[in-house]
Amino acid sequence: MPIDPANRRDGANGDAGELPRESMTFDVVIVGAGPAGLAAACRLGQLAAERGAELAVCVVEKGAEVGAHIISGALFDPRPLAELFPDWAARGAPVETPVTSDRVAWLLDERRGLTVPKPFVPATLHNAGHYVISLGELCRWLAGEAEALGVSVLPGFAATEPLFDAEGRVRGVATGDMGLSRTGEPKPTFQRGYALEAKYVIFAEGCRGHLGQILEARFGLRRGRDPQHYGLGFKEIWEVDPAKHVPGSVLHTIGWPLRGDTDGGGFLYHAGSGRVSVGFVLSLGYRNPHLAPFAEFQRFKHHPVVADVLRGGRRIGYGARAVNKGGLSSLPELVFPGGLLVGCDAGFLNGAKIKGTHTAMKSGLLAAEAVFDALAAGDPGGGVLAGYPERVRGSWLWAELRAARNFSAGFSRFGRLGGAALAFVEQNVLRGRVPWTLRDREPDRLKLEPAAAAPRIDYPRPDGVLSFDRPSSVHLSNVRHDEDQPCHLRLADPRVPIEHNLRRFDEPAQRYCPAGVYEVVDGPAGPRFQINASNCIHCKACDIKDPVANITWVPPEGGSGPTYSGM
């Protein structure tokens with residue numbers, strides 16, 4: 001029962017009819033207070049101050065506070081931060097734990113592993129000069145710097161739809177209505193969303209941005225491009241025994257528990273204050289519908305290289321998020337009438353480095369400079385800012401992505417051993433200067449095998465010491481949704497989960513969701529598909545991996561979702 005992705009339901013959370021919106025007008029609206037959006041906001045504020053210009057800039061953020069929805073490993077390359085604020089350390093940026101040791105381990109099975117000799121580790125995974133940080137804390141700091149530069153930062157407001165003028169150009173965004181019931185009817189607390197109008201809108205929603213998907217379809221931004229490819233990343237924060245804590249120690253792993261045809265790996269980063277971040281990222285192009293990404297992560301923590309650090313500690317945080325991994329070949333057109341895509345909304349993450357914060361920030365800086373120069377020259381807005389992609393192509397950002405362009409496709413085509421060998425040759429021997437480009441034109445959702453043809457996986461029960469179940473994990477994400485609001489997880493056809501996905505793929509949504517949102521429940525009339533929307537931590541896996549693109553994630557009420565701390 002295939003669903004045409006072009007016919008998926010998009011739009012705001014609920015519908016309050018034709019009630020007028022109150023509007024606010026700015027020169028620039030930025031959607032998303034992540035590293036890309038806030039870097040753009042700070043740079044716009046700087047340029048306005050340097051040139052004595054009046055510039056009204058607004059950042060709208062769907063999280064209850066800046067950083068609430070931010071999750072990353074996070075190893076940070078400070079290069080773009082130094083370009084933005086050369087005195088970032090003196091300003092008190094929360095970038096304080098330099099990498100002190102760095103190794104890659106190949107896990108052979110549940111007990112054994114070997115350290116990959118440094119000369120054989122791809123150069124992109126060498127982390128000298130980088131820092132272990134909380135990206136959420138960095139974003140909070142950047143928001144303060146932006147506000148000091150005159151930028152308006154508005155958390156708790158979800159941008160739910162782009163606004164267009166009579167010529168079809170982007171003229172702003174609308175924020176979602178508040179106080180709608182589950183059926184879409186206004187409650188006594190109802191408030192109509194705002195129309196935020198601007199000469200240019202910078203879209204910085206992060207990976208698989210809802211508005212970005214609408215704009216890509218409307219303006220044909222993916223013509224001639226590979227589809228974007230994704231991983232699903234998990235992270236937990238642990239307080240560990242001080243005797244086992246080594247600030248700045250970095251471990252990456254490949255191999256077990258994943259099969260050789262599934263791309264992914266784990267990490268263990270020692271931050272400051274006795275905390276470590278443990279995580280796992282696997283490709284959403286996996287083929288076995290019985291695979292459960294959350295269970296793979298929990299199993300991973302039992303390997304001695306991880307368990308020996310965590311044992312005796314205490315888990316204090318959990319989260320998950322989809323990440324881009326397609327690289328250069330999957331970048332869409334970056335500009336369209338009235339708007340620009342930056343950061344992971346476009347897909348700038350460098351998979352070969354397993355990093356996207358520095359590339360996101362750089363794209364935000366370049367977008368801000370293109371927008372400011374156009375407005376300073378008298379541009380009335382609504383144009384296609386060719387100066388932005390030109391700046392990208394002339395920057396270290398483009399050079400870095402070009403050198404790493406085959407990383408994701410190499411693992412997809414050749415598997416773990418072949419992909420790792422290709423990455424070593426391309427990065428260490430040829431230094432990224434290769435004459436070939438590998439392509440991966442099959443969307444992740446189409447890679448699933450039928451359940452009957454795939455081996456079942458026997459996952460061990462969580463022990464409550466190193467491994468845990470999904471409900472207790474979701475509790476640590478501090479997720480909040482008003483249950484009496486329209487469901488933000490929309491089915492194009494409610495028959496598909498049971499009549500197609502269950503029969504052919506054993507309904508993989510039961511397993512790929514890291515928050516237990518989707519269940520197949522037995523009832524008197526047979527199995528039914530249940531959506532526990534209040535559990536959703538906004539990872540976007542369902543929007544990516546549903547085999548027939550039947551599920552669309554749309555923003556719930558502003559302020560809903562996880563409230564991450566220290567992620």
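Contact here means heavy atoms within 4.5 Å. The model is predicted. This briefing covers strand pairing around β14, β16, β17 and β18, a separate entry on the sheet of β3, β7 and β4, and the surroundings of His 290.

**Surroundings of His 290**
- His 290 sits in the loop that runs between β17 and α5 (293-300).
- Its relative accessibility is 5%, and because buried means under 20%, His 290 counts as buried.
- A polar atom of the His 290 side chain lies 3.1 Å from the backbone oxygen of Ala 451.
- With neighbours within four places in sequence left aside, the residues in contact with His 290 are Ala 451, Ala 454, Pro 455, Arg 456, Ile 457, Tyr 459, Asp 506 and Arg 511.
- Ala 451 thus appears both in the contact list of His 290 and, through its backbone oxygen, at 3.1 Å from a polar side-chain atom of His 290.

**Strand β14 and its partners**
- Strand β14 (residues 230-239) runs antiparallel to β18, and ten bridges join the two.
- Within this pairing, Glu 236 has Tyr 318 of β18 as its bridge partner.
- β14 also pairs with β17, again in the antiparallel sense, over nine bridges.
- On the β17 side, Arg 275 stands opposite Glu 239.

**Burial of β17 and β18**
- Strand β18 spans residues 314-324 and is mostly covered, with eight of its eleven residues buried.
- Strand β17 spans residues 275-283 and is likewise mostly covered; seven of its nine residues are buried.

**The β16 and β17 hairpin**
- Seven bridges connect strand β16 (residues 264-270) with β17 in an antiparallel pairing.
- Gly 279 in β17 stands opposite Phe 267.
- Four residues lie between the two strands of this hairpin, where Ser 273 takes a positive phi near 60°.

**The sheet of β3, β7 and β4**
- Three strands make up an open sheet with antiparallel pairing, in the order β3-β7-β4.
- β3 (75-76) and β4 (97-98) are at the edges and have a single partner strand each, so one side of each lacks a neighbour in the sheet.
- The antiparallel pairing of β3 with strand β7 (residues 131-132) consists of two bridges.
- Leu 75 has Val 132 in β7 as its bridge partner.

Definitions and conventions:
Residues numbered from 1 in each chain as written. Predicted model: local features only at pLDDT ≥ 70, side-chain atom pairs only at ≥ 80, totals over all residues. Heavy atoms only, no water. Buried < 20%, exposed > 50% of the residue type's maximum accessible area, 1.4 Å probe, protein only. Pairing = 2+ DSSP bridges. Polar contact = N/O pair within 3.5 Å; in protein donor to acceptor, adjacent residues only side chain to side chain.
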